[in-house]
Amino acid sequence: MGHHSEAFRAFKTMLSKLEQSPDPQIRELRHQYFDATATIRSVVEETIRDMPRVLIDTVTGRLYDKTQQAAAFEELQIYDELRSSMTTRARLDRARIRMAAKKFYRYVMLSHRWQPHEPTFQMVVENTSIYALPASPANSKVQRFCELVRYLDFQWAWSDTCCVNQLDKGVQQESLVAMFRWYRGSSLTIVHLLGVLSESQETGYLWRSIWNTRGWTYQEYLASEVVQFYTEDWKPYLGLNTFNHKESPLILSEMEQAMNFATQELAALQPGLEMAREKLYLASKRQTTRQEDIAYCLFGIFNVALPVIYGEGNQAVGRLLEYILTRSDNVTLLAWTGNSGSHHSYLPADLAVYNEIAPPHIPSLIEATEMDGMVAPLRSSLPDPSLSVALYERLYNLPPLSLVAGRLRLPGIVFPLTNLAPHSESDSESDLLVYRATSPMLGDVEIKTKDQLSGMKGLLLINPWISPLLDHDFSSGGDPLFEHTTRSLRLVVRLKQPFGALLVAPLGRVQYRRVATDSLIMVRVREEASLTELMDGIRTIDIR
(Lines give C-alpha, C1' and ligand atoms only; values in the text may rest on other atoms or scores of the structure.)
Protein backbone atom coordinates (compact mmCIF):
# COMPACT_ATOMS: atom_id res chain seq x y z
CA MET A 1 0.00 0.00 0.00
CA GLY A 2 2.85 2.38 0.89
CA HIS A 3 4.58 1.98 -2.47
CA HIS A 4 1.48 2.95 -4.49
CA SER A 5 0.59 5.74 -2.09
CA GLU A 6 4.07 7.25 -2.32
CA ALA A 7 4.02 6.95 -6.12
CA PHE A 8 0.73 8.81 -6.33
CA ARG A 9 1.95 11.55 -3.96
CA ALA A 10 4.95 12.00 -6.21
CA PHE A 11 2.62 12.15 -9.20
CA LYS A 12 0.50 14.84 -7.50
CA THR A 13 3.64 16.82 -6.69
CA MET A 14 4.69 16.65 -10.31
CA LEU A 15 1.25 17.88 -11.45
CA SER A 16 1.44 20.77 -9.02
CA LYS A 17 4.85 21.80 -10.33
CA LEU A 18 3.64 21.60 -13.90
CA GLU A 19 0.66 23.80 -13.09
CA GLN A 20 2.84 26.39 -11.32
CA SER A 21 5.57 26.55 -13.93
CA PRO A 22 6.14 30.03 -15.47
CA ASP A 23 6.82 28.35 -18.80
CA PRO A 24 3.56 28.00 -20.86
CA GLN A 25 4.91 24.98 -22.72
CA ILE A 26 5.60 23.18 -19.46
CA ARG A 27 2.16 24.12 -18.11
CA GLU A 28 0.71 22.67 -21.31
CA LEU A 29 2.25 19.31 -20.40
CA ARG A 30 -0.16 19.18 -17.45
CA HIS A 31 -3.05 18.37 -19.84
CA GLN A 32 -1.40 15.10 -20.81
CA TYR A 33 -1.94 13.73 -17.32
CA PHE A 34 -5.08 12.79 -15.47
CA ASP A 35 -6.07 12.40 -11.79
CA ALA A 36 -8.53 9.47 -11.56
CA THR A 37 -9.65 10.30 -7.99
CA ALA A 38 -12.94 11.93 -9.02
CA THR A 39 -13.75 9.10 -11.44
CA ILE A 40 -13.06 6.45 -8.78
CA ARG A 41 -15.27 8.26 -6.29
CA SER A 42 -18.03 8.51 -8.88
CA VAL A 43 -17.89 4.76 -9.58
CA VAL A 44 -17.91 4.01 -5.84
CA GLU A 45 -20.96 6.21 -5.31
CA GLU A 46 -22.70 4.48 -8.21
CA THR A 47 -21.84 1.06 -6.73
CA ILE A 48 -23.19 1.78 -3.25
CA ARG A 49 -26.21 3.84 -4.37
CA ASP A 50 -28.72 0.97 -4.17
CA MET A 51 -27.09 -0.76 -1.21
CA PRO A 52 -28.49 -0.47 2.34
CA ARG A 53 -28.16 2.93 3.93
CA VAL A 54 -26.23 1.44 6.87
CA LEU A 55 -23.97 -1.63 6.89
CA ILE A 56 -21.91 -3.37 9.55
CA ASP A 57 -18.16 -3.44 8.96
CA THR A 58 -17.51 -7.01 10.13
CA VAL A 59 -13.84 -6.21 10.85
CA THR A 60 -14.57 -3.52 13.43
CA GLY A 61 -18.23 -4.24 14.16
CA ARG A 62 -19.06 -0.57 13.59
CA LEU A 63 -22.05 0.78 11.67
CA TYR A 64 -21.11 2.64 8.47
CA ASP A 65 -23.43 5.07 6.71
CA LYS A 66 -23.09 5.84 3.00
CA THR A 67 -20.41 8.50 3.52
CA GLN A 68 -18.33 6.15 5.67
CA GLN A 69 -18.86 3.28 3.24
CA ALA A 70 -17.51 5.43 0.41
CA ALA A 71 -14.54 6.60 2.48
CA ALA A 72 -13.63 3.00 3.38
CA PHE A 73 -12.66 2.28 -0.22
CA GLU A 74 -10.01 5.00 -0.06
CA GLU A 75 -8.26 3.12 2.76
CA LEU A 76 -7.60 0.15 0.50
CA GLN A 77 -4.42 -0.73 -1.36
CA ILE A 78 -6.43 -1.18 -4.56
CA TYR A 79 -7.51 2.47 -4.33
CA ASP A 80 -3.90 3.67 -4.53
CA GLU A 81 -3.14 1.08 -7.20
CA LEU A 82 -5.98 2.36 -9.36
CA ARG A 83 -4.98 6.00 -9.00
CA SER A 84 -1.28 5.40 -9.65
CA SER A 85 -1.96 3.22 -12.71
CA MET A 86 -4.40 5.62 -14.39
CA THR A 87 -2.42 8.81 -14.77
CA THR A 88 -3.57 9.58 -18.31
CA ARG A 89 -7.03 9.52 -19.87
CA ALA A 90 -5.90 6.79 -22.24
CA ARG A 91 -5.14 4.58 -19.24
CA LEU A 92 -8.44 5.26 -17.45
CA ASP A 93 -10.23 1.93 -17.00
CA ARG A 94 -13.72 2.36 -15.56
CA ALA A 95 -14.45 -1.37 -15.90
CA ARG A 96 -11.47 -2.18 -13.66
CA ILE A 97 -12.58 0.43 -11.12
CA ARG A 98 -16.12 -0.92 -11.17
CA MET A 99 -14.91 -4.50 -10.70
CA ALA A 100 -12.75 -3.51 -7.72
CA ALA A 101 -15.62 -1.55 -6.13
CA LYS A 102 -18.13 -4.36 -6.60
CA LYS A 103 -15.74 -6.89 -5.07
CA PHE A 104 -15.12 -4.71 -2.02
CA TYR A 105 -18.77 -3.82 -1.45
CA ARG A 106 -20.17 -7.34 -1.56
CA TYR A 107 -22.52 -7.58 1.41
CA VAL A 108 -24.38 -10.33 3.26
CA MET A 109 -27.93 -10.10 4.64
CA LEU A 110 -29.37 -11.83 7.71
CA SER A 111 -32.79 -13.50 7.57
CA HIS A 112 -34.05 -14.56 10.98
CA ARG A 113 -36.88 -14.72 13.49
CA TRP A 114 -36.70 -11.79 15.87
CA GLN A 115 -36.08 -12.59 19.54
CA PRO A 116 -36.70 -10.48 22.65
CA HIS A 117 -34.25 -7.63 23.21
CA GLU A 118 -32.71 -7.52 19.74
CA PRO A 119 -29.84 -4.98 19.46
CA THR A 120 -31.07 -1.66 18.09
CA PHE A 121 -29.32 0.96 16.01
CA GLN A 122 -28.99 3.17 19.10
CA MET A 123 -27.48 0.33 21.18
CA VAL A 124 -24.75 -0.38 18.63
CA VAL A 125 -23.91 3.33 18.25
CA GLU A 126 -23.74 3.69 22.03
CA ASN A 127 -21.43 0.67 22.38
CA THR A 128 -19.45 1.69 19.26
CA SER A 129 -19.33 -1.90 17.92
CA ILE A 130 -21.42 -5.03 17.46
CA TYR A 131 -18.69 -6.95 19.23
CA ALA A 132 -18.86 -4.66 22.30
CA LEU A 133 -22.54 -5.37 23.02
CA PRO A 134 -23.27 -7.01 26.39
CA ALA A 135 -23.82 -10.75 26.43
CA SER A 136 -27.36 -11.89 25.53
CA PRO A 137 -28.90 -14.44 23.14
CA ALA A 138 -30.02 -11.77 20.65
CA ASN A 139 -26.68 -9.91 20.75
CA SER A 140 -24.79 -13.16 20.37
CA LYS A 141 -26.83 -14.01 17.29
CA VAL A 142 -25.78 -10.83 15.46
CA GLN A 143 -22.19 -11.19 16.63
CA ARG A 144 -21.99 -14.79 15.39
CA PHE A 145 -23.56 -13.69 12.12
CA CYS A 146 -20.89 -11.01 11.62
CA GLU A 147 -18.12 -13.45 12.51
CA LEU A 148 -19.48 -15.94 9.97
CA VAL A 149 -19.67 -13.23 7.29
CA ARG A 150 -16.05 -12.31 7.98
CA TYR A 151 -15.03 -16.00 7.88
CA LEU A 152 -16.69 -16.28 4.45
CA ASP A 153 -14.45 -13.39 3.28
CA PHE A 154 -17.06 -10.63 3.13
CA GLN A 155 -16.52 -7.30 4.88
CA TRP A 156 -20.06 -5.95 4.96
CA ALA A 157 -23.17 -7.31 6.71
CA TRP A 158 -26.72 -6.15 7.32
CA SER A 159 -29.27 -7.02 9.98
CA ASP A 160 -32.69 -5.41 10.20
CA THR A 161 -32.39 -5.19 13.98
CA CYS A 162 -29.51 -2.72 14.18
CA CYS A 163 -28.96 -1.35 10.67
CA VAL A 164 -32.28 0.52 10.55
CA ASN A 165 -32.86 3.49 12.84
CA GLN A 166 -36.46 2.70 13.78
CA LEU A 167 -36.81 6.10 15.48
CA ASP A 168 -36.35 7.89 12.15
CA LYS A 169 -39.64 7.48 10.26
CA GLY A 170 -38.08 8.45 6.94
CA VAL A 171 -35.37 5.80 7.31
CA GLN A 172 -37.98 3.26 8.38
CA GLN A 173 -40.13 4.01 5.33
CA GLU A 174 -37.11 3.76 3.01
CA SER A 175 -36.00 0.43 4.45
CA LEU A 176 -39.43 -1.21 4.18
CA VAL A 177 -39.78 -0.18 0.54
CA ALA A 178 -36.17 -0.98 -0.42
CA MET A 179 -35.69 -4.21 1.54
CA PHE A 180 -36.57 -6.56 -1.32
CA ARG A 181 -34.06 -4.74 -3.55
CA TRP A 182 -31.39 -4.96 -0.83
CA TYR A 183 -31.83 -8.72 -0.46
CA ARG A 184 -31.87 -9.15 -4.24
CA GLY A 185 -28.61 -7.18 -4.52
CA SER A 186 -26.78 -9.09 -1.77
CA SER A 187 -24.00 -11.58 -2.48
CA LEU A 188 -25.44 -13.94 0.11
CA THR A 189 -28.31 -14.22 2.57
CA ILE A 190 -27.67 -16.19 5.74
CA VAL A 191 -30.76 -17.75 7.30
CA HIS A 192 -30.66 -18.40 11.04
CA LEU A 193 -33.08 -21.17 11.99
CA LEU A 194 -34.20 -20.48 15.54
CA GLY A 195 -35.28 -23.71 17.22
CA VAL A 196 -33.39 -26.00 14.81
CA LEU A 197 -30.25 -27.45 16.45
CA SER A 198 -27.25 -29.03 14.77
CA GLU A 199 -28.27 -32.40 16.20
CA SER A 200 -31.36 -32.15 13.96
CA GLN A 201 -29.61 -33.45 10.86
CA GLU A 202 -32.70 -34.93 9.25
CA THR A 203 -34.83 -33.28 6.61
CA GLY A 204 -38.10 -31.72 7.71
CA TYR A 205 -36.88 -29.31 10.36
CA LEU A 206 -36.53 -26.45 7.87
CA TRP A 207 -40.04 -26.59 6.47
CA ARG A 208 -41.49 -26.93 9.98
CA SER A 209 -39.29 -24.16 11.41
CA ILE A 210 -40.72 -20.93 12.82
CA TRP A 211 -38.62 -19.08 10.22
CA ASN A 212 -40.88 -20.56 7.53
CA THR A 213 -44.01 -19.07 9.14
CA ARG A 214 -42.99 -15.41 9.19
CA GLY A 215 -44.11 -12.74 6.74
CA TRP A 216 -40.79 -10.96 6.33
CA THR A 217 -38.82 -14.17 5.70
CA TYR A 218 -41.07 -14.97 2.71
CA GLN A 219 -39.85 -11.80 1.00
CA GLU A 220 -36.25 -12.38 2.06
CA TYR A 221 -36.09 -15.92 0.65
CA LEU A 222 -37.84 -14.94 -2.57
CA ALA A 223 -35.56 -11.95 -3.17
CA SER A 224 -32.26 -13.65 -2.35
CA GLU A 225 -30.47 -15.42 -5.17
CA VAL A 226 -27.85 -17.08 -2.94
CA VAL A 227 -28.86 -18.47 0.47
CA GLN A 228 -27.19 -20.47 3.22
CA PHE A 229 -29.16 -22.03 6.09
CA TYR A 230 -27.66 -22.33 9.55
CA THR A 231 -28.99 -23.99 12.69
CA GLU A 232 -29.62 -22.11 15.90
CA ASP A 233 -26.08 -23.03 17.04
CA TRP A 234 -24.59 -21.80 13.74
CA LYS A 235 -23.84 -25.07 11.97
CA PRO A 236 -24.74 -25.53 8.28
CA TYR A 237 -28.20 -27.08 8.08
CA LEU A 238 -27.98 -30.79 7.17
CA GLY A 239 -24.20 -30.33 7.01
CA LEU A 240 -24.51 -28.79 3.55
CA ASN A 241 -21.16 -27.67 2.17
CA THR A 242 -22.30 -26.07 -1.10
CA PHE A 243 -22.10 -22.29 -1.31
CA ASN A 244 -25.70 -21.80 -2.45
CA HIS A 245 -28.13 -23.95 -0.46
CA LYS A 246 -30.92 -22.67 -2.68
CA GLU A 247 -29.62 -25.05 -5.35
CA SER A 248 -29.72 -28.09 -3.05
CA PRO A 249 -32.45 -30.63 -3.93
CA LEU A 250 -32.96 -31.25 -0.19
CA ILE A 251 -33.60 -27.54 0.48
CA LEU A 252 -35.82 -27.11 -2.58
CA SER A 253 -37.92 -30.11 -1.55
CA GLU A 254 -38.42 -28.74 1.97
CA MET A 255 -39.29 -25.26 0.71
CA GLU A 256 -41.85 -26.76 -1.68
CA GLN A 257 -43.43 -28.54 1.29
CA ALA A 258 -43.39 -25.39 3.40
CA MET A 259 -44.91 -23.18 0.73
CA ASN A 260 -46.99 -25.80 -1.09
CA PHE A 261 -45.67 -24.22 -4.26
CA ALA A 262 -43.47 -25.63 -7.03
CA THR A 263 -39.84 -24.48 -7.16
CA GLN A 264 -40.07 -23.52 -10.86
CA GLU A 265 -43.16 -21.40 -10.22
CA LEU A 266 -41.52 -19.77 -7.21
CA ALA A 267 -38.53 -18.81 -9.37
CA ALA A 268 -40.93 -17.17 -11.84
CA LEU A 269 -42.20 -14.70 -9.25
CA GLN A 270 -40.66 -11.29 -9.90
CA PRO A 271 -41.26 -7.87 -8.32
CA GLY A 272 -44.37 -6.28 -9.80
CA LEU A 273 -48.11 -6.81 -10.08
CA GLU A 274 -47.95 -9.98 -12.19
CA MET A 275 -49.06 -13.27 -10.60
CA ALA A 276 -50.69 -11.30 -7.78
CA ARG A 277 -52.95 -14.14 -6.70
CA GLU A 278 -49.99 -16.54 -6.38
CA LYS A 279 -48.03 -14.03 -4.28
CA LEU A 280 -51.00 -13.43 -1.99
CA TYR A 281 -51.52 -17.18 -1.66
CA LEU A 282 -47.95 -17.57 -0.38
CA ALA A 283 -48.41 -14.65 2.02
CA SER A 284 -51.73 -16.04 3.32
CA LYS A 285 -49.86 -18.69 5.32
CA ARG A 286 -47.53 -16.22 7.04
CA GLN A 287 -47.76 -14.28 10.28
CA THR A 288 -46.26 -11.05 11.55
CA THR A 289 -46.05 -9.61 15.04
CA ARG A 290 -47.54 -6.27 14.03
CA GLN A 291 -50.79 -6.41 12.08
CA GLU A 292 -49.64 -3.90 9.48
CA ASP A 293 -46.46 -5.80 8.64
CA ILE A 294 -48.29 -8.53 6.71
CA ALA A 295 -48.94 -5.81 4.12
CA TYR A 296 -45.64 -3.92 4.49
CA CYS A 297 -43.57 -7.09 4.00
CA LEU A 298 -45.09 -7.41 0.50
CA PHE A 299 -44.19 -3.92 -0.72
CA GLY A 300 -41.02 -5.16 -2.43
CA ILE A 301 -42.67 -8.26 -3.89
CA PHE A 302 -45.31 -6.09 -5.56
CA ASN A 303 -42.88 -3.22 -6.20
CA VAL A 304 -45.07 -0.62 -4.53
CA ALA A 305 -44.07 2.41 -2.46
CA LEU A 306 -47.00 3.20 -0.18
CA PRO A 307 -46.78 5.20 3.07
CA VAL A 308 -45.90 3.20 6.18
CA ILE A 309 -48.41 4.08 8.93
CA TYR A 310 -48.00 1.91 12.01
CA GLY A 311 -51.22 1.95 14.00
CA GLU A 312 -53.52 1.77 10.96
CA GLY A 313 -54.35 -1.93 11.56
CA ASN A 314 -55.91 -3.83 8.66
CA GLN A 315 -56.16 -0.59 6.70
CA ALA A 316 -52.63 -1.50 5.56
CA VAL A 317 -53.91 -4.68 3.89
CA GLY A 318 -56.73 -2.68 2.32
CA ARG A 319 -54.41 -0.03 0.89
CA LEU A 320 -52.09 -2.65 -0.58
CA LEU A 321 -54.91 -4.68 -2.15
CA GLU A 322 -56.57 -1.55 -3.51
CA TYR A 323 -53.29 -0.55 -5.18
CA ILE A 324 -52.82 -3.98 -6.76
CA LEU A 325 -56.47 -4.33 -7.80
CA THR A 326 -56.82 -0.99 -9.54
CA ARG A 327 -53.44 -1.08 -11.30
CA SER A 328 -53.50 -4.68 -12.45
CA ASP A 329 -57.21 -5.11 -13.24
CA ASN A 330 -56.86 -8.48 -11.51
CA VAL A 331 -60.45 -9.14 -10.53
CA THR A 332 -59.51 -12.44 -8.83
CA LEU A 333 -58.53 -10.36 -5.79
CA LEU A 334 -62.29 -10.04 -5.18
CA ALA A 335 -62.66 -13.84 -5.03
CA TRP A 336 -62.75 -14.40 -1.28
CA THR A 337 -65.08 -15.33 1.56
CA GLY A 338 -64.76 -14.10 5.12
CA ASN A 339 -64.85 -10.67 6.76
CA SER A 340 -64.58 -7.31 5.01
CA GLY A 341 -61.81 -4.98 6.08
CA SER A 342 -62.24 -1.46 7.41
CA HIS A 343 -60.74 0.12 4.28
CA HIS A 344 -63.45 -0.85 1.76
CA SER A 345 -66.27 -3.38 1.87
CA TYR A 346 -65.04 -5.14 -1.28
CA LEU A 347 -61.64 -5.96 0.26
CA PRO A 348 -60.99 -8.56 2.98
CA ALA A 349 -59.84 -7.92 6.54
CA ASP A 350 -56.70 -10.04 6.16
CA LEU A 351 -54.73 -12.06 3.62
CA ALA A 352 -55.67 -15.45 5.08
CA VAL A 353 -58.68 -15.52 2.70
CA TYR A 354 -56.32 -15.99 -0.26
CA ASN A 355 -55.52 -19.57 0.75
CA GLU A 356 -56.28 -20.91 -2.74
CA ILE A 357 -54.38 -20.02 -5.92
CA ALA A 358 -57.34 -20.88 -8.14
CA PRO A 359 -60.44 -19.68 -6.26
CA PRO A 360 -63.63 -21.71 -6.83
CA HIS A 361 -65.53 -18.50 -7.65
CA ILE A 362 -64.19 -18.54 -11.20
CA PRO A 363 -65.53 -21.16 -13.65
CA SER A 364 -63.06 -23.91 -14.45
CA LEU A 365 -61.49 -24.15 -17.89
CA ILE A 366 -63.32 -26.31 -20.44
CA GLU A 367 -61.01 -28.36 -22.65
CA ALA A 368 -61.14 -27.62 -26.38
CA THR A 369 -62.63 -30.98 -27.40
CA GLU A 370 -65.36 -30.78 -24.77
CA MET A 371 -66.09 -27.17 -25.73
CA ASP A 372 -66.48 -28.09 -29.40
CA GLY A 373 -68.98 -30.77 -28.44
CA MET A 374 -71.03 -28.26 -26.39
CA VAL A 375 -70.94 -25.53 -29.05
CA ALA A 376 -72.10 -27.74 -31.94
CA PRO A 377 -75.75 -28.16 -30.80
CA LEU A 378 -76.02 -24.44 -29.98
CA ARG A 379 -75.51 -23.50 -33.64
CA SER A 380 -78.88 -25.00 -34.52
CA SER A 381 -80.79 -24.60 -31.24
CA LEU A 382 -80.39 -20.86 -30.62
CA PRO A 383 -83.39 -19.04 -32.10
CA ASP A 384 -81.30 -15.97 -33.00
CA PRO A 385 -77.49 -16.46 -33.14
CA SER A 386 -77.00 -12.72 -33.56
CA LEU A 387 -78.05 -12.31 -29.91
CA SER A 388 -75.03 -14.32 -28.77
CA VAL A 389 -72.78 -12.11 -30.91
CA ALA A 390 -74.35 -8.98 -29.42
CA LEU A 391 -73.92 -10.41 -25.90
CA TYR A 392 -70.26 -11.12 -26.60
CA GLU A 393 -69.66 -7.61 -27.90
CA ARG A 394 -71.39 -6.02 -24.90
CA LEU A 395 -69.18 -7.92 -22.47
CA TYR A 396 -66.03 -7.45 -24.54
CA ASN A 397 -66.54 -3.68 -24.61
CA LEU A 398 -67.10 -3.30 -20.89
CA PRO A 399 -64.58 -0.89 -19.32
CA PRO A 400 -61.98 -2.35 -16.94
CA LEU A 401 -62.58 -2.00 -13.24
CA SER A 402 -61.43 1.32 -11.83
CA LEU A 403 -61.35 3.36 -8.65
CA VAL A 404 -63.16 6.70 -8.71
CA ALA A 405 -63.37 8.89 -5.58
CA GLY A 406 -62.91 5.89 -3.32
CA ARG A 407 -65.54 3.79 -5.13
CA LEU A 408 -64.77 0.63 -7.06
CA ARG A 409 -66.42 0.74 -10.47
CA LEU A 410 -66.94 -2.97 -11.13
CA PRO A 411 -68.26 -4.26 -14.46
CA GLY A 412 -70.16 -7.54 -14.64
CA ILE A 413 -73.54 -9.24 -14.98
CA VAL A 414 -75.96 -8.47 -12.15
CA PHE A 415 -78.81 -10.64 -10.91
CA PRO A 416 -81.49 -9.00 -8.69
CA LEU A 417 -82.62 -11.01 -5.66
CA THR A 418 -86.21 -11.25 -4.45
CA ASN A 419 -88.14 -13.06 -1.71
CA LEU A 420 -85.34 -12.72 0.82
CA ALA A 421 -86.18 -14.56 4.05
CA PRO A 422 -84.27 -15.86 7.10
CA HIS A 423 -83.70 -19.60 7.15
CA SER A 424 -84.62 -21.54 10.27
CA GLU A 425 -81.20 -23.19 10.48
CA SER A 426 -79.25 -20.01 11.31
CA ASP A 427 -76.29 -20.65 13.66
CA SER A 428 -76.86 -18.56 16.79
CA GLU A 429 -73.58 -19.65 18.43
CA SER A 430 -71.39 -18.21 15.67
CA ASP A 431 -73.62 -15.18 14.92
CA LEU A 432 -73.96 -16.60 11.44
CA LEU A 433 -77.25 -15.83 9.71
CA VAL A 434 -78.63 -17.95 6.89
CA TYR A 435 -81.00 -16.52 4.31
CA ARG A 436 -82.82 -17.85 1.30
CA ALA A 437 -83.62 -15.73 -1.73
CA THR A 438 -84.68 -16.14 -5.35
CA SER A 439 -83.28 -14.85 -8.63
CA PRO A 440 -85.31 -15.22 -11.84
CA MET A 441 -82.17 -16.20 -13.77
CA LEU A 442 -80.40 -18.20 -11.06
CA GLY A 443 -83.17 -19.87 -9.10
CA ASP A 444 -82.95 -20.38 -5.31
CA VAL A 445 -79.94 -18.90 -3.52
CA GLU A 446 -78.59 -19.54 0.00
CA ILE A 447 -76.63 -16.82 1.79
CA LYS A 448 -74.55 -17.23 4.97
CA THR A 449 -73.40 -13.97 6.51
CA LYS A 450 -72.99 -12.10 9.79
CA ASP A 451 -74.81 -9.11 8.29
CA GLN A 452 -78.44 -8.47 9.19
CA LEU A 453 -80.28 -8.56 5.85
CA SER A 454 -83.89 -8.99 6.94
CA GLY A 455 -86.17 -6.50 5.22
CA MET A 456 -83.43 -5.27 2.92
CA LYS A 457 -84.46 -4.43 -0.64
CA GLY A 458 -82.37 -4.13 -3.79
CA LEU A 459 -79.85 -6.89 -3.09
CA LEU A 460 -77.85 -7.98 -6.13
CA LEU A 461 -75.59 -10.85 -7.03
CA ILE A 462 -72.87 -10.01 -9.52
CA ASN A 463 -70.68 -12.12 -11.77
CA PRO A 464 -67.53 -10.02 -12.29
CA TRP A 465 -65.43 -12.82 -13.81
CA ILE A 466 -65.76 -11.44 -17.35
CA SER A 467 -62.27 -12.07 -18.71
CA PRO A 468 -62.40 -15.89 -18.26
CA LEU A 469 -65.68 -15.91 -20.19
CA LEU A 470 -64.17 -14.37 -23.32
CA ASP A 471 -61.78 -15.72 -25.94
CA HIS A 472 -58.60 -13.67 -26.22
CA ASP A 473 -56.92 -15.52 -29.09
CA PHE A 474 -57.96 -14.12 -32.48
CA SER A 475 -55.17 -15.71 -34.54
CA SER A 476 -56.99 -18.72 -36.02
CA GLY A 477 -57.00 -17.28 -39.54
CA GLY A 478 -60.41 -18.77 -40.42
CA ASP A 479 -63.56 -17.09 -41.71
CA PRO A 480 -63.99 -13.97 -39.51
CA LEU A 481 -67.80 -14.21 -39.28
CA PHE A 482 -67.72 -17.93 -38.43
CA GLU A 483 -65.00 -17.40 -35.82
CA HIS A 484 -66.86 -14.48 -34.24
CA THR A 485 -70.01 -16.58 -33.96
CA THR A 486 -68.00 -19.46 -32.50
CA ARG A 487 -66.49 -17.19 -29.85
CA SER A 488 -69.93 -15.95 -28.90
CA LEU A 489 -71.27 -19.50 -28.61
CA ARG A 490 -68.36 -20.46 -26.37
CA LEU A 491 -69.34 -17.51 -24.21
CA VAL A 492 -72.88 -18.87 -23.91
CA VAL A 493 -71.47 -22.24 -22.80
CA ARG A 494 -69.25 -20.62 -20.16
CA LEU A 495 -72.11 -18.45 -18.88
CA LYS A 496 -74.03 -21.59 -18.00
CA GLN A 497 -71.22 -22.89 -15.79
CA PRO A 498 -71.45 -22.60 -11.99
CA PHE A 499 -69.72 -19.51 -10.58
CA GLY A 500 -69.20 -17.84 -7.22
CA ALA A 501 -71.27 -14.67 -7.08
CA LEU A 502 -70.55 -11.54 -5.05
CA LEU A 503 -73.40 -10.12 -2.95
CA VAL A 504 -73.92 -6.36 -2.80
CA ALA A 505 -76.45 -4.24 -0.92
CA PRO A 506 -77.62 -0.75 -1.89
CA LEU A 507 -76.19 2.39 -0.29
CA GLY A 508 -78.52 5.11 -1.49
CA ARG A 509 -79.65 5.18 -5.12
CA VAL A 510 -76.49 4.45 -7.12
CA GLN A 511 -73.90 2.98 -4.77
CA TYR A 512 -73.49 -0.41 -3.13
CA ARG A 513 -71.48 -2.12 -0.45
CA ARG A 514 -70.23 -5.67 -0.62
CA VAL A 515 -71.89 -8.02 1.87
CA ALA A 516 -69.20 -10.36 3.21
CA THR A 517 -70.36 -13.96 3.27
CA ASP A 518 -69.03 -16.81 5.34
CA SER A 519 -69.22 -19.29 2.49
CA LEU A 520 -69.25 -19.25 -1.28
CA ILE A 521 -72.49 -18.30 -3.02
CA MET A 522 -72.26 -20.84 -5.81
CA VAL A 523 -74.92 -20.35 -8.51
CA ARG A 524 -75.46 -21.02 -12.21
CA VAL A 525 -77.63 -19.44 -14.88
CA ARG A 526 -80.78 -21.47 -15.49
CA GLU A 527 -81.10 -23.20 -18.86
CA GLU A 528 -84.34 -21.36 -19.63
CA ALA A 529 -82.79 -17.92 -19.02
CA SER A 530 -82.69 -15.94 -22.26
CA LEU A 531 -79.71 -14.14 -23.73
CA THR A 532 -81.77 -10.94 -23.72
CA GLU A 533 -82.17 -11.22 -19.93
CA LEU A 534 -78.41 -11.69 -19.56
CA MET A 535 -77.73 -8.64 -21.73
CA ASP A 536 -80.10 -6.58 -19.61
CA GLY A 537 -77.97 -7.46 -16.57
CA ILE A 538 -74.69 -6.19 -18.00
CA ARG A 539 -73.66 -3.03 -16.19
CA THR A 540 -71.03 -1.36 -14.04
CA ILE A 541 -71.82 -0.78 -10.36
CA ASP A 542 -70.12 1.45 -7.80
CA ILE A 543 -69.06 -0.31 -4.59
CA ARG A 544 -67.72 1.40 -1.49
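## A tour from a buried serine to an enclosed cavity

Start by selecting S488, which is buried, with a relative accessible area of 0%. This is a predicted model, so please read each stop as a feature of a prediction. S488 has its place in helix α19, residues 480–495. Now show what surrounds S488: setting aside its neighbours within four places in sequence, the residues in contact with it are S388, V389 and Y392.

**Next stop: strand β6**

Select residues 227–231, which form strand β6. How many of the 5 residues of β6 are buried? The count is 5 of the 5, so the strand is largely enclosed by the rest of the structure. Turn on the side chains here. In a regular strand they alternate between the two faces of the sheet. In β6, V227, F229 and T231 lie on one side, Q228 and Y230 lie on the other, and all are buried, leaving both faces covered.

Add strand β5, residues 188–193, to your selection. β5 and β6 run parallel and are joined by 5 bridges. To see one of these pairings, pick I190 and look across to Q228, its bridge partner in β6. Then trace the chain from β5 to β6: the path goes through helix α10, residues 215–223, and makes a right-handed β-α-β crossover.

**Into the largest pocket**

Keep α10 on screen, since α10 and α9 (169–185) each supply at least two residues of the lining of the largest pocket. Which residues lie nearest the centre of this pocket? Select W114, D160, W216, D293 and Y310 to find them, out of a lining of 21 residues. The pocket has a volume of about 490 Å³. Colour the lining by class and you should get 6 nonpolar, 9 polar and 6 charged residues.

**The second largest pocket**

Move on to the second largest pocket, which holds about 350 Å³ of space. To centre your view, select D329, P400, P464, I466 and S467, the closest to its centre among the 18 residues that line it. Colouring by class here gives 14 nonpolar, 3 polar and 1 charged.

Stay with D329 for a moment. D329 sits in the loop between α16 (315–328) and α17 (368–381). Its phi is positive, about 55°, although D329 is not a glycine. Is D329 exposed or only partly exposed? With a relative accessibility of 40%, D329 counts as partly exposed.

**A second aspartate with positive phi**

Jump to D153, found in the loop between α8 (137–151) and β4 (156–158). D153 is another residue other than glycine with a positive phi, near 75°. D153 counts as exposed because its relative accessibility is 54%, and the cut-off for that class is over 50%.

**Last stop: the cavity**

How many cavities of 30 Å³ or more does a search of the whole structure find? The search finds 1, and about 60 Å³ of space lies in it. Select W336, A501, L502, R514 and T517 to bring up the residues closest to the centre of this cavity, which is lined by 13 residues. Then highlight strand β13, residues 499–507, which gives the largest share of the lining, 3 residues. By class, the cavity lining has 8 nonpolar, 4 polar and 1 charged residues.

Conventions
Residues numbered from 1 in each chain as written. Predicted model: local features only at pLDDT ≥ 70, side-chain atom pairs only at ≥ 80, totals over all residues. Heavy atoms only, no water. Buried < 20%, exposed > 50% of the residue type's maximum accessible area, 1.4 Å probe, protein only. Helix = DSSP H or I, 4+ residues; strand = E, 2+ residues; numbered from the N terminus. Pairing = 2+ DSSP bridges. Right-handed = clockwise from strand over helix to strand, strands pointing away. Contact = heavy atoms within 4.5 Å. 1 Å grid on protein atoms, 1.4 Å probe; cavity = no way out; pocket = protein on both sides within 12 Å on 5 of 7 lines; lining within 4 Å. Points joined across faces, edges and corners; volume = space filled by probe spheres on them. Nonpolar A, V, L, I, M, F, W, Y, C, P; charged D, E, K, R; others polar.
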